[in-house]
Amino acid sequence: MPPYLALTATATHLTVESVLNKFKINKSIISINTERSNIDISVSRDRDVNSSLIKLLQSSKYKNLSSIIIYCRSKYMVDVVSNYLRNCNLKCLGFHGGLTE
């Protein structure tokens with residue numbers, strides 16, 4: 001059997017086991033867990049999500065950054081959020097696996 005290389009940034013233990021079993025890979029796993037000082041996670045329970053996002057992006061902590069990545073749960077939400085930000089006159093480009101350009 002040819003060698004396989006599986007790389008991921010977010011696989012759960014169950015996902016790793018599934019990949020190993022599916023491809024009949026011997027458990028030779030190298031796992032590196034590094035702290036990323038350049039990544040900031042913000043979670044909000046505000047009812048007005050749109051307003052909260054705009055306030056966050058315009059806050060002193062974020063407004064002068066050259067780029068920001070916003071993760072969304074679905075392709076649909078990528079389109080919704082990116083359209084909303086553009087409508088608020090913020091430069092924004094949505095990206096997901098279903099885009100052709």
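Here are some worked exercises on a predicted model, built around one helix and what surrounds it.

Before you start, note that residues are numbered from 1 along each chain as its sequence is written. In this predicted model, local features need pLDDT of at least 70, side-chain atom pairs count only at pLDDT 80 or more, totals for chains, interfaces and linings use all residues, and side-chain values use heavy atoms, with hydrogens and water left out.

**Exercise 1. Get an overview of the protein.**

Task: Find how many helices and strands the protein has, and what share of its residues count as buried.

Step 1. Count the elements: there are 3 helices and 0 strands. Helices (H or I, at least four residues) and strands (E, at least two) are DSSP runs, numbered from the N terminus.

Step 2. Put them in order, and from the N terminus on you get α-α-α.

Step 3. Now for burial. Buried means under 20% relative accessible area, exposed over 50%, and partly exposed in between (1.4 Å probe, protein chains only). Of the 101 residues, 13% count as buried.

Step 4. Look at the contacts too, where contact means heavy atoms within 4.5 Å. Among those with a separation of 6 or more, 22% are between residues 24 or more positions apart.

**Exercise 2. Check the length and the sides of α3.**

Task: Compare the reach of α3 with the expected span, then work out which residues are buried and which are exposed on the face turned away.

Step 1. α3 covers residues 75-87, which is 13 residues. The expected span is 1.5 Å times one less than the number of residues. From first C-alpha to last, α3 reaches 18 Å, close to the 18 Å expected.

Step 2. Pick out the buried residues of α3: V78, V81, S82 and L85. They sit on the same side of α3, because they cover an arc of only 95° around the axis. (The arc is that of the directions from the helix axis to the C-beta atoms.)

Step 3. Recall the general rule: an α-helix has 3.6 residues a turn, so residues three or four places apart point the same way.

Step 4. Flip to the face turned away from the buried side, and you'll meet the exposed residues Y76 and N87.

**Exercise 3. Find what α2 and α3 do for each other.**

Task: Say what covers the buried residues of each helix.

Step 1. For α3, the cover includes α2 (49-57).

Step 2. The buried residues of α2 are S52, L53, I54 and L57, and their cover includes α3.

Step 3. Try the loop between α2 and α3, which is where Y62 has its place. Y62 is buried, with a relative accessible area of 13%. Leaving aside neighbours within four places in sequence, Y62 is in contact with D40, S42, L56, L57 and I68.

**Exercise 4. Follow the chain past α3.**

Task: Describe N89 and L90, in the segment after α3.

Step 1. N89 has a positive phi of about 65° although it is not a glycine. N89 is exposed, with a relative accessible area of 71%.

Step 2. L90 counts as partly exposed, at 23% relative accessibility. Setting aside neighbours within four places in sequence, L90 touches I54, L57, Q58 and L85.

Step 3. Take one of those partners, Q58: its C-alpha is 9.7 Å from that of L90, though they are 32 residues apart along the chain.

**Exercise 5. Explore the second largest pocket.**

Task: Find the volume and the lining of the second largest pocket.

Step 1. Know your term: on a 1 Å grid over the protein atoms alone, a pocket is an open set of points where a 1.4 Å probe fits, with protein on both sides within 12 Å along at least five of seven lines; lining residues have an atom within 4 Å of a point.

Step 2. The space in this pocket is about 650 Å³.

Step 3. The lining has 23 residues, and I68, I70, L85, K91 and C92 lie nearest the centre. α3 gives the most to the lining, with 4 residues.

Definitions and conventions. Grid points are joined across faces, edges and corners, and a volume is the space filled by probe spheres set on the points.
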